[in-house]
Amino acid sequence: MHASFVRSPYSHAKILKINISEALKLDGVEAVLTGEDVIKWSEPFVVGVKQPMEHWCLGVKKVRYVGEPVAIVIARDRYIAEDATELVNVEYDLLPPVMNIESSIKSNAPILHEKVKSNIVSERNFNYGNVEKAFSLANNIVEIDVEYPRNSCTPIECFNVISEYSDENKSYNVLSNFQGPMALHPVMAMALKIPGNKLRLRAPQNSGGSFGVKQAVFYYIVSISLASKKVGRPVKWVEDRLEHLIAATSATGRKSKISAAITKDGLLLGLKIIQYDDCGAYLRAPEPASLYRMHGNLSGAYSVKNISLKNYVVLTNKTPSGLNRGFGGPQLYFGLERLMHKISKVLNKPHLQIIKTNLLPQNSFPYKTPSGGILDSGNYQKAIQKAEKDGGLEELEKRRRGKRKVGKLYGIGFAAVVEPSISNMGYISTVLSHEERLKAGPKNGAYACATVSIDPLGSISVTIDSLPQGQGHQTVVQQLVASVFSIDPKNITVSSDLDTHKDGWSIAAGNYSSRFGGAVAGTVYLAAQKLFLKLKTIAAKNMNINVEDVIFQNDLVFSKNNPDNKITFSRLAGSSHWSPDTIPDAMAPPLRETLYWTMPQHKAPNEKDEINSSGSYGFIFDYCGVEIDQNTGKVIIDKYVTTHDAGTLLHPEIVNGQIQGAFAQAVGASLYEEFKYADNGEFLSGTFADYLVPTANEIPEACILHISTPSPFTPLGSKGVGEGNSMSTPVCIANAISDAIEQDKITLPMTPPKLWGLISKKEDLPKNLNLEITDEKKKISVELYQNYTNKKFWKYIKNKLRNIV
C-alpha cells in the first residue's frame, strides 16, 4: 500500500476534530491513520532534556508548525492516497504563533508546550577558568551580536520508507534511507512500544545524498510503521520536494552574543558567550546536538583560557531542527570569527594579525581546551603560511587596493576554524547537569564496526557501518584493504548497506560527524591487519619459512629469500575453508574478522562539565576576495582559498571533492538559502523558486591546499574533512563583505536586496516612499525605506521596469 500525509496548514492550532469518512469512501483507500491510533499504539519520542514535552509521530490534540502531519491516508496507489488527503476534513482552533527567538522568550509569549510552561526548554551555564578576572585585566572589551539563519542541505533524493508489520511476531521490518546515528534506533523502538530486536531496520547500499538531513527520517519510520500495523500490509512512502522543504528538518537558527576581553595587542584573555538555539516546534532527537557538538572546541583555534557560556534551547512554531552539514559549527564560528574581525577594526590592526596573535602554538598538541576538548594535532602557523604563499594573498591584497582606488566595493575576509570529527556520543548529555547525568548513567564513546571476510576462492568482502550516501566510502575501503593484502582491488567487495538483524553495529553507527576517515576506515584497517597476520603465519608454516620472511605482493605470497617458493593469495586465503589442518594450533581460523573500535579519549562529561566532544580535530584556514556590484547588490566571489589539515589523506581526490562540496553548500548558506516564515507562521520557502539553491554557475572553484599533521589518536592518522567548509566559508564570506562595505551588521544569507539597503547612502528621499508604476498589464509597488541615493533609486526602478513590463 502507499501512504500520503495530511499536513497542517497552520503553525499553531488545536485539533478539534478529524473527519475521515469522505476519504474512506474513495475507491482504493484502505484506511486513515490518525492521532487516536498513534496514542493507542505508540509513545511520544524521548527528548534530550528533562521536560514534560510530548512529541508524537503525528500531531495529537495540537499542531505546532506548518506541515506537521495530522493523518496518513493508506491506499492502493500514491495517486489515490494523494486525492484522498483532500477529503480528510480537519477542524482547527487557531492559536497565536511565535516565529523567532525574540518573541518566543518574552514573558507573555504563547506557550508551545503547556506542561513545560516556557518556550525555553533548557538553560545551562558553564564557567571555565577565571572569566571575571580576565575581564578585569582587559585593556578593551569588544562585543558582537550575530544571528545565523535556518537553512537545509536539500539532498536530491528525499525521504523514503517501506515498513511491514508482522502480527505474528509483533515486529516491524523497515527499509529506509536513514543515515543514522543508530542511537535513534532505540528511540524509534521505544516510540513503537517494542523491544529493540522487534525493529529490524535496513538501509540500502546506495542513497541520493543526505548531508545530515536524513537522520530526520526516523520520525516517519515510526508513523509509516504504524500505518502498516493499521492495514496489515507493507506500506511505502516517498517524500516529495514540497514536503521535504516544508516539514523535513532544518539547521538550527542561532542568536549569539559574544564579549571578548583583550589586551592592547588583541590577545584574547577571556570570552563570554551567550547562545540561543531555535530548535523549532519540538526538541527532536538528537537535538540539542547542534548546541553541544562544538562544546569541547568552544575556543576554536585560539589559546584563550577563560570562557563563560550560557546556552538556551528555544522552541518556535517552525519545523523541528536536526543535523545539517557541519551542524553546530557554522553557528559557533559565525559568532567567533565575526568577533575576531571586529576586534581588528576596533584596534585598527590587520584581521590576519589578530588571528595569528591568538593561534595555539605549534608545540602545544595534544592540547586540552578550557571546556575539555583534546585537540589531537596541528600546526596552524604552517597552514596559514602555506595559504598566504601558495594561495597568493599578497596579490589579492594588491587587487583590493586597485579596485578600491577606482571606487569599487572590494573586501577580503579570513576565517580560522577547528573541524571536529568522530563525535563522542556523550557530548549531548552535557545539556544535563552533573547531578542529572549521575542519575541517568554515564554516556560516552563511539564504536565503529567493520567486518572483513574471506571466501573459499580467496575473495574478500568487507562490511562497514558508515551508511555512505555518496561520499565514496566503498572506494576508499576497497583500496585500503587491497593495500593491506597487496591484491587487486577488484577482488574486494564492500557492503555499506546495514541490517540491524545481521550486521555489526552500535549506537554510533551511521553517516554523520565525519566519522568515516578517522573511525570507520581505521577500524577496517585494524580488522584487515588481524586477518593479514593470521594469513602470514599460515603461509610461513606451509612454506616452511619464518614469518618475517613472508612477502605479500601483486596477488602472490612468496619467500623473501626464495621468490620461487610462492603461492597465490587466493589459494592461501581459501585454504582455511578447504584445509583447516593447515592452520597452526590455537589460532582462530582467518575466515572472518569483526572488530569494534572506539577512542580511549572519549570520556563522559565530568563534574566540571568538561567534555572531549569529538575524537579528532582538523584545522582550516580560509580567505577570500569579494566584490559588491553597487548597482544590484550582488556579491561576486573573486577568489576563494581554503587550506586544510585533515591528518593523513586516504584518498586525496575524494577529499578535495568533499571540500568543494561543503564549500558549494556553504556558498548557498552565505548568499542564497534561507527558510522564511511570515509572521503568522506561513512557510514562504516551499519551492526551489523561493528557496534558492545555487547551481554550478554560481559556485566558483575554490583553491584547495593541504598540510598534514597525522592524528596520534586514530588508527591511520586521518581526521574528518567533509564538513569543514560548511563551518568556515559562511563567516569568511561575511567577513569579506563586512570589509568591503565597512559595516558590522552582516546577516546571512547576504542577498542583493539586503546588501542594496546597506550600501546605499541616505539622501533627501522620505523614509517611506511608495511608488506605483502602472501599465495596462502590470502593476508594481516599490517601498523605499531609507538608504537609496536618487541616482541609484531611479536606476533601480529602470531595471525593475526593464525586467517586468
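Helices H6 and H7 run roughly parallel to each other in this predicted model, because angles under 35 degrees count as roughly parallel and these two helices pack at an angle of about 30°. H6 covers residues 184–191 and H7 covers residues 218–231, and their axes lie 10 Å apart. The crossing of the pair is right-handed. On the side of H6, the contact is formed by Leu184, Val187, Met188 and Ala191, while H7 contributes Phe218, Ile221 and Val222. Sorted by class, this contact has seven nonpolar residues, with no polar and no charged ones. The spacing of such positions along a helix can be understood from general geometry: an α-helix has 3.6 residues a turn, so residues three or four places apart point the same way.

Further along the chain, a second pair of helices may be read in the same manner. Helix H15, residues 473–485, packs against helix H16, residues 516–543, at an angle of about 30°, with the axes 9 Å apart. This angle makes H15 roughly parallel to H16. Their crossing is right-handed. From H15, the residues in contact are His473, Val476, Val477, Leu480, Val481, Val484 and Phe485. From H16, they are Phe516, Ala521, Val524, Tyr525, Ala528, Gln529, Leu531, Phe532 and Leu535. By class, the contact between H15 and H16 comprises 14 nonpolar and two polar residues, and no charged residue takes part.

Between these two pairs in the numbering stands helix H10, which spans residues 329–347. Its 19 residues, at 1.5 Å a residue, should span 27 Å, and the C-alpha atoms at its ends are indeed 27 Å apart, so the expected and modelled lengths agree. Of those 19 residues, 16 are buried, and H10 is therefore largely enclosed by the rest of the structure. Just after H10 comes Asn348, which takes a positive phi of about 55°.

The final stop is a single residue, Ser576, which belongs to helix H17, residues 569–578. Is Ser576 buried or exposed? Its relative accessibility is 4%, and because buried means under 20%, Ser576 counts as buried. Leaving aside residues up to four places away in sequence, Ser576 touches Ile538, Ile583, Pro590 and Leu591.

Methods:
Residues numbered from 1 in each chain as written. Predicted model: local features only at pLDDT ≥ 70, side-chain atom pairs only at ≥ 80, totals over all residues. Heavy atoms only, no water. Axes fitted to C-alpha atoms, helices over the stretch in contact; angles between N-to-C directions. Helix = DSSP H or I, 4+ residues; strand = E, 2+ residues; numbered from the N terminus. Parallel < 35°, antiparallel > 145°, perpendicular 65-115°, else oblique. Left-handed = near helix turned anticlockwise from the far one by under 90°. Contact = heavy atoms within 4.5 Å. Nonpolar A, V, L, I, M, F, W, Y, C, P; charged D, E, K, R; others polar. Expected span 1.5 Å × (residues − 1). Buried < 20%, exposed > 50% of the residue type's maximum accessible area, 1.4 Å probe, protein only.
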